[in-house]
Amino acid sequence: MVRTSRAAAEGNPGMWRREAGTVVRRALALPERAAVSGAITAGSHVPRVPTEWAPHSHPSHELVWVRGGTVTSRVEDRVFTVSEGYGLWMPAGVVHGGRTTAGAKFHDAFFAPDRTPFAFGEPRTITMTPLLESLLTHLARTDLDDAARARAESVVFDVLQPSERQFTLRLPPGDGRIDAIAEALLADPADHRSLEEWARTLGISDRTITRAFRQTTGLSFAQWRQLLRVHRALALLSEGFDVMTVSETLGYAQPSSFIAAFRRVMGTTPGNVRNPVSGVHNS
């Protein structure tokens, strides 16, 4: 059954408001089977509750993806959200925090930098094709001999590609003119205050706010708020909320307005985001 209200949540600056019952972990450690030969170590688990990882880094490159949920990751002043069909590549040594929804099947794969024949200098969204997912699931086995593992890894290196759509929300990096706006909208994306209302609240001109958003995020205030709401919508839709509920939660007067905004950003309708509760697409 789709929920119609959300529990009170604990604040968490720079990320979505933390849901009650969230487990906070220090880091996502390399699995014990990392001792097997090969360049790639893969595994999966299903968190029973919303799970968050405090900022950390790994000596290996990391690829994470989920089935039936989302992963949100914060890297400095950027927020990445990946839903089913996509993964997030995190280069070795990059400090990042993350969060995944309860009940999602969480997959991870670690790539030894000295044995990986490519390098992405920045976090990248990866298209998780059925072939790539199958290969990484195959590599999670511990009974593969060295030759079989090497063959599978070589195909992974051939097919792993960044997505054409890099879905990233850039946060204002400590800009005192608009920090209050960003934090308020992260805590409550439905906050409907207009540019003029924010200007009066902060005691600055609307032109100053517009200029600050353009300088720090590359977007107007309205574009940035729309992008933030779509990031949040992905998580809500994949948790099982229907389109009408998500529309109301994000402050849209009509579901049609939400659908149009989602389509402008994502190139598809929110109904095409898989609903893991029912096993079908949202209606």
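Q: What makes the 36 residues around I181, I209, W224, V246, F258 and F262 a nonpolar core?
A: A nonpolar core is a set of buried Ala, Val, Leu, Ile, Met, Phe, Trp, Tyr and Cys residues joined through side-chain atoms within 4.5 Å. Buried means under 20% relative accessible area, with a 1.4 Å probe and protein chains only; over 50% is exposed, and in between is partly exposed. The 36 residues form the largest such core, and these six touch the most other members. This is a predicted model: local features need pLDDT of at least 70, side-chain atom pairs need 80 or more, and totals for chains, interfaces and linings use all residues. Numbering runs from 1 along each chain as its sequence is written, and side-chain values use heavy atoms, without hydrogens or water.

Q: Which helix supplies the largest share of this core?
A: Helix 6, with nine residues. Helices are DSSP runs of H or I, at least four residues, and strands are runs of E, at least two, numbered from the N terminus.

Q: How do you know that strand 7 and strand 8 pair?
A: Pairing requires at least two DSSP bridges between two strands. Strand 7 (residues 70-75) and strand 8 (residues 78-83) have six bridges, in the antiparallel sense. Therefore they count as paired. One bridge joins R74 to V79 in strand 8.

Q: Why are strand 3 and strand 13 called edge strands?
A: Each pairs on one side only. The open sheet has the order 3-5-10-7-8-13, with mixed pairing.
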